[in-house]
Amino acid sequence: MERSARIELTLRLWSVGATESFDDYVDQLVGLLPRNRGILERRAAEVDAGPGAPDALLVMSFPDSASVDGFLRDPLRTDLDDLAAAAVSRSLITDSRHRHEPGVDQDADIIPLRPDETQ
């Protein structure tokens with residue numbers, strides 16, 4: 001599968017200040033990627049963008065939406081809830097799919113459902 005065909009998720013995490021627990025949580029979360037066919041594309045341990053910036057940023061990619069759902073609903077991820085509660089004050093997950101906004105002068109992304117068919 002082409003790298004460009006993968007679905008990317010960006011996870012931003014804010015620490016409560018417990019550095020060891022925070023790093024442990026991030027490491028264990030990244031460890032779940034292979035079981036859901038995910039790949040860690042990029043990882044920034046510190047995001048130097050001023051006050052309010054996340055303490056870690058992870059860019060993960062998956063081959064399809066079923067793999068994304070598998071990662072988000074992974075029971076082992078739920079097992080990390082206690083560690084997350086002790087280490088993470090806030091998290092935000094976004095995807096890289098572009099959306100067309102009504103009233104904005106731009107073309108919407110077109111994603112063919114059957115790439116083998118000509119348009």
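Select Arg-77 and Phe-71 to open the tour: Arg-77 lies over the face of Phe-71, 5.3 Å from the ring centre. The model on display is predicted.

Keep Phe-71 selected and add Phe-62. These residues form a pair whose ring centres are 5.5 Å apart and whose planes meet at 40°, so the arrangement is classed as tilted. A search of the whole structure finds one aromatic pair. Are its members buried or exposed? Phe-62 has 0% relative accessibility and therefore counts as buried; Phe-71, at 1%, likewise counts as buried.

Move next to Trp-14 and Arg-90. The charged end of Arg-90 is placed over the ring of Trp-14, at 4.1 Å from the centre of that ring.

Now display the strands. Four of them make up an open sheet in the order S2-S3-S1-S4, with antiparallel pairing. Colour S2 (39-44) and S4 (88-95) separately: these strands stand at the edges with a single partner strand each, so one side of each has no neighbour in the sheet. Viewed along the sheet, neighbouring strands are turned against each other by 20° on average, direction ignored.

Restrict the selection to S1 (residues 7-15) and S4. These strands run antiparallel and are joined by seven bridges. To inspect one position, pick Leu-13, whose bridge partner in S4 is Ser-91.

Finally, select helix H1, residues 19-31. Which strands does H1 lie across? H1 lies across S1, S2, S3 (56-62) and S4, and runs at about 165° to S1.

How values were computed: Residues are numbered from 1 along each chain as its sequence is written. This is a predicted model: local features need pLDDT of at least 70, side-chain atom pairs count only at pLDDT 80 or more; totals for chains, interfaces and linings use all residues. Side-chain values use heavy atoms; hydrogens and water are left out. Rings of Phe, Tyr and Trp (its six-membered ring) pair if their centres lie within 6.5 Å; planes under 30 degrees apart count as stacked, over 60 as edge-to-face and the rest as tilted. Buried means under 20% relative accessible area, exposed over 50%, partly exposed in between (1.4 Å probe, protein chains only). A charge sits over a ring if NZ of Lys or CZ of Arg is within 6 Å of the ring centre and within 35 degrees of the ring normal. Two strands pair if DSSP finds at least two bridges between them. Helices (H or I, at least four residues) and strands (E, at least two) are DSSP runs, numbered from the N terminus. Axes are lines fitted to C-alpha atoms, for helices over the stretch in contact, and angles run from 0 to 180 degrees between N-to-C directions. Contact means heavy atoms within 4.5 Å.
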